[in-house]
Amino acid sequence: CERVHNWILEDAERRGATHGSHAGDIFHEESGVLERLSVWKFFKRATSFCPWIVSVGNHDVPHDLDIVSSFGTTHPVYVAEYPERFVVNGVEFLCLPDTRRTDLVKELGVDARANVVSEEQLMGAAKARIAKLATDHPKSDLPRVLLCHAMLTDAKPSNDQPIVRGVELN
């Protein structure tokens with residue numbers, strides 16, 4: 001894994017990248033000491049030549065990546081735990097991290113312990129979240145990137161991840 005990361009960084013630096021992005025699942029499940037050290041080492045080197053934007057994935061533990069920028073990175077690491085917009089070096093990033101079931105249930109205002117939320121309600125909340133990201137940030141003159149942690153059709157979800165079908169991204 002580190003060999004692949006090194007190759008990516010060497011290539012990005014050689015090409016003069018002005019920003020880097022990662023669409024989530026930096027860790028696979030809860031991270032241990034070796035995984036954290038490897039990721040911090042990656043971002044320390046990656047930010048030596050450009051800032052990075054991360055859209056959190058379903059295998060990333062909530063708030064596990066927030067502290068990356070506090071470890072002496074040269075350029076910042078912007079971490080999106082929730083739908084968020086960043087403008088980095090003249091490029092607009094609309095970040096759509098993993099849509100966690102627990103967050104959607106909270107947004108619906110339902111007690112998560114009651115377990116009375118239907119898949120249709122979850123899908124509606126996820127679609128509303130995507131639509132809100134777009135309406136909160138109308139198109140500007142900047143180049144725009146949708147950095148989205150999403151599953152392709154027929155993928156097998158894990159970590160209690162709801163499947164959201166039929167979402168239009170205009």
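This passage looks at one helix, the sheet it lies across, and two loop residues with unusual backbone angles. The model is predicted, so to speak on paper only: local features need pLDDT of at least 70, side-chain atom pairs count only at pLDDT 80 or more, and totals for chains, interfaces and linings use all residues. Residues are numbered from 1 along each chain as its sequence is written, and side-chain values use heavy atoms, with hydrogens and water left out.Helix α4 takes in residues 119-136; helices here are DSSP runs of H or I with at least four residues, strands are runs of E with at least two, and both are numbered from the N terminus. With 18 residues, α4 reaches 25 Å from its first C-alpha to its last, close to the 26 Å expected at 1.5 Å a residue (the expected span being 1.5 Å times one less than the number of residues). Its buried residues are L122, A125, A126, R129, I130 and L133, where buried means under 20% relative accessible area, exposed over 50% and partly exposed in between, with a 1.4 Å probe and protein chains only. They sit on the same side of α4 because they cover an arc of only 135° around the axis, taken from the directions from the helix axis to the C-beta atoms. Turned away from that buried side is a face that carries the exposed residues E120 and T135.

What covers the buried residues of α4 includes β4 (84-88), β5 (91-96) and α3 (101-108), with contact meaning heavy atoms within 4.5 Å. The helix lies across β4 and β5 and runs at about 165° to β5; axes are lines fitted to C-alpha atoms, for helices over the stretch in contact, and angles run from 0 to 180 degrees between N-to-C directions.

The sheet itself is open, with 3 strands in the order β4-β5-β6 and mixed pairing (two strands pair if DSSP finds at least two bridges between them). β4 and β6 (144-148) stand at the edges with a single partner strand each, so one side of each has no neighbour in the sheet. From one strand to the next, the twist averages 25°. The β4 and β5 pair is antiparallel, over 5 bridges, and F86 stands opposite F93 in β5.

Two residues other than glycine have positive phi. N89, in the loop between β4 and β5, has a phi of about 50° and counts as exposed at 52% relative accessibility. D25, in the loop between β1 (20-22) and α2 (33-46), has a phi near 60° and is partly exposed, with a relative accessible area of 28%.
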